[in-house]
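Open the model in your viewer and keep the selection panel at hand. This tour goes stop by stop.

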Amino acid sequence: MEQRRMFSLGKTRNIGLIAHIDAGKTTTTERILYYTGKVHRMGEVDDGAATMDWMEQEKQRGITITSAVTTCFWNGYRINIIDTPGHVDFTVEVERSLRILDGAVIIFCGVAGVEPQSETVWRQADRYQVPRIVFVNKLDRVGADFGKAVEMIRERLGANAAPIQIPIGQGDSFQGMVDLVTMTARFYHQESLGATYDDLPIPDELMETSIKSREALVEVLSEYDDELLEKFLEGREIPPEEIISPLRRATLKGEIIPVLCGAAFRNQGVQRLLDAIVDYLPSPLDMRPVVGVNPRTGKEEQRKASPDEPFSALVYKIMAGTHAGKLAFVRTYSGTLKAGSIILNVSTGQRERVGRILLMHANRSQDRQELVAGEIAALVGLKKVVTGDTLSDVDKPILLEKMEFPKPVISVAIEPRTKADQDQLDLALRRLSEEDPTFTVEVNKETGQTIISGMGELHLEVITERMLREFKVRARVGNPQVAYRETITQVGEGEGKFIRQTGGRGQYGHVLIRLHPLGPGKGFSFQVALRGIFIPKEYIKATEGGLKEAMRNGVLAGYPVEDVGIELIGGSYHDVDSSELAFRIAASMAFRQAAIRASPVLLEPIVSLEVVVPESYLGDVMGNLNSKRGKIEGITTRGENRVIMASLPLSEMFGYATDLRSLTQGRALHSMHFSRYDKVPKPIAEEIISRLRGRSF
C-alpha cells in the first residue's frame, strides 16, 4: 500500500496557471483538459463556455474571477491544476494559490510580452520560491515575437530564461515548433486547427538556428552538470535524457526557467506543455518538508510529504453557499485524512469534524473517502475556519505559516433597499468576506453606514453583482471612495489619564507613550520601555490593545494609521481602581495626543499604469496623465505602438478606461496594479480633510 501511495505521490504535479489578463491562460487550461480527456469539448472564453470559468459573471465578462481547481491525467501522471485570475483586482486568488502550489506555468502573450500584472505574479512566485516554466502563447497573432518575449523575461524579471523550443514561423506563418531537447520539428495540421500534427526532421532553413539555440541551452545547463560540461566542451553528442535530467534539477532550484512556445487557441503546443509539466515541475516529494511550530512546545517541527506522517493541511480558500454548506479548500502537506474524522484547527484551538471530502472539477465535485499528502481537495462540515488556518492531527498539532494578504484600497457605502433586505444583506456580506480576505466590511460609527472595501472598482462591482444574483439582496451602492491611510512624520509623545471616581470602586488608567515613524509597509510595533516603573502585565496588554484600536481612526480624517512604532515609556496604576478597560481608554487618549504632535500626514494609494498606444495618440495620452498627477516613468516601443509606464494616484483613475477610449478612438490598451501608499500633496490633503470634517479647512 505504501509503495502504491508513494508512487502516485511521485507522479503527482500540483501546478497553477498564472498570467496577465488576456494572455490566454483560461484557453490554455481548456486545451489541457481536452487533451487529457477531462472534457470532451473545448470550451471557449469568448463564448462564455469555458469549463473553469463557471461563475455567471465570468461567463458574461470573459475573465477569470475566482481560482478553480481540477485534476487531470497525462501519460500516467496526475496533474492538479489551479486556474487563477489575471486581473489585478483578484490578485488574492493568485497569492493564495501560489502559497500551496508546488510549481507554476507562467503564460505570456507573444505580442505583449511581460506586462505589469505578469511582473506582480512573478514576484509573488519568487516570494514563495515556486519553480516555474514559461509558455509564450499567441504566436499566431500579428506582431508576435518569441525572441523579444524571452528578452523581456530576462531583462524585466531578471530570470534565467532558457528556451527549450523555438517557433517555426510567427504570426500568420506560425506552423509549429522545433524541440531543442529532441531536435525534432513538430508541424501542426491547419485543417484540424492543430489537433493533429507530424513530428518530422528539422527543415534545412531552420537547422543552423536550431543548432545554435540547442548549444546555448546546453551551455547554460552545463553550469549545473559537470558531465554535461565535459561532453559539451569535447563536442560529443548529447542525448535528450542527459538534457532533461539536469534541466529538471536546475528548474526545481529556480536557477533556470524553461521557455516553451505555442498558440493555445489554435491548439498548438499544448501537448508539449503537458510533457514539460511532467518533466520539469516538482512532485510533492521534490519539495522540502513543510515547517511549522508545535503550539504546545513552541518548537519548530517538520512534516514530510508522506501518507504515514501526522496529518497537516492549510486552508487556502473558503467558498460559501454551495454544496450543502461552506467548502474549505485545503492543500494536504502530510498524513492521511479520512471522511468523518475529528481534526484540530490549530489556528483557533477548536476541534472540527470533517463531514465529506470532495475532489473538485471547477464547480462540480466527486466524493472521496480519504485525502493523502500532496493532494488538493475541499472539506465539508468545518464550521469555524477561515483562509490561512492550519488543520492537523488532534494529538500531534503543528501551526504552519499564515498567509498574508494585501489591504483593500477602495470603498463604497452599501445599504438595503428595504428593512426586510437587511438580514439578507448581513448574511451575504458575512459569507462573502469569509471567502475573500481582501474584501472587508465595517460600520462607520459616526454615520451608521455599512462600508465595503476591496481591491478595485471591478472587484466591488463583482461582489455587489454576486449579492444580487446569489443571495437575492436588493441594495443601493454608493460611488467608489479611495481607502486613504494616515501616518506620522516625526517623533511625538502623549499622555493619557482616565480617572473616574463615582463612589465605591472607580476607574484608573495612566500611560505615557512615544510615537516614531517606521518605514513604508512596516505596519505597527509596540515596545515596553518602562524604567523603574512597574505596571502589571495585564494592563500592558490592555494598553497595546487600546493603541491598536485607536490606530483604526487617525487624527486627521479618521483613516487607519500605519507604519508607526510605539513605546510605552511611563504610567501608573491603582491597586483597587485600575482595570483593563481604564488602560485601554487611557492608551487611546495618549495616542491621539501623541499623533497630533507627530506631524500626521494623509497617504493615498498609488498605482503603476502601463498604456499601449499608437504613436499618433502619444501626446494626448501623456497630457491626460499629467493632468491626473501622473509621473511618466518610461516610454518604450512595442511593435508599431508606444508603451507608457507611469504611476499616479488611484483617486485619479476612476473612469480612466472611458477617457482613454475617447482620446484614442478605442485603439489603446491599459493595465494597472497597486504599487504603494504615498503622501497626498498638502493642498489636496487639506481639501479631503475639510470635506470629511464637514467644515472649511
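Two strands count as paired here if DSSP finds at least two bridges between them. Note also that this model is predicted.

**Confidence first**

Colour the protein chain by pLDDT. The chain mean is 84. Of its residues, 90% reach 70 or more. Now select residues 1-7. Here the pLDDT is below 50. Beyond near neighbours in sequence, the model gives this stretch ten contacts. Move on to residues 43-66. In this stretch too, pLDDT stays under 50. The model has 79 contacts for residues 43-66 beyond four places in sequence.

**First sheet: strands 7 to 10**

Select strands 7, 8, 9 and 10. They form an open sheet of four strands, in the order 7-8-9-10. The pairing is antiparallel. Which strands stand at the edges? Strand 7 (165-168) and strand 10 (197-200) do. Each has a single partner strand, so one side of each is left without a neighbour in the sheet. Look along the sheet for its twist: neighbouring strands are turned by 20 degrees against each other on average, direction ignored.

Now add helix 10, residues 270-280. This helix packs on the sheet and touches strand 7, strand 8 (176-179), strand 9 and strand 10. The direction of helix 10 makes about 135 degrees with that of strand 9.

Zoom in on strand 9, residues 184-188. Four bridges pair strand 9 with strand 10 in the antiparallel sense. Show the side chains of two tyrosines: Tyr 188 stands opposite Tyr 197 in strand 10.

**Second sheet: strands 31 to 34**

Select strands 31, 32, 33 and 34. This is an open sheet of four strands with mixed pairing. What is the order of its strands? Read across, the order is 31-32-34-33. Strand 31 (492-500) and strand 33 (524-528) are at the edges. Each of these has a single partner strand, so one side of each lacks a neighbour in the sheet. From one strand to the next, the twist averages 25 degrees.

Focus on strand 31 and strand 32 (residues 507-517). They run antiparallel and are joined by nine bridges. Pick Gly 496: the bridge partner of Gly 496 is Val 511, in strand 32.

**Helices across the second sheet**

Select residues 537-550 for helix 13. Helix 13 lies across strand 32, strand 33 and strand 34 (564-572). It runs at about 155 degrees to strand 33.

Finish with helix 14, residues 580-597. Helix 14 lies across strand 31, strand 32 and strand 34. Its angle to strand 31 is about 150 degrees.

Note on methods. Residues numbered from 1 in each chain as written. Predicted model: local features only at pLDDT ≥ 70, side-chain atom pairs only at ≥ 80, totals over all residues. Heavy atoms only, no water. Axes fitted to C-alpha atoms, helices over the stretch in contact; angles between N-to-C directions. Contact = heavy atoms within 4.5 Å. pLDDT = per-residue confidence, 0-100.
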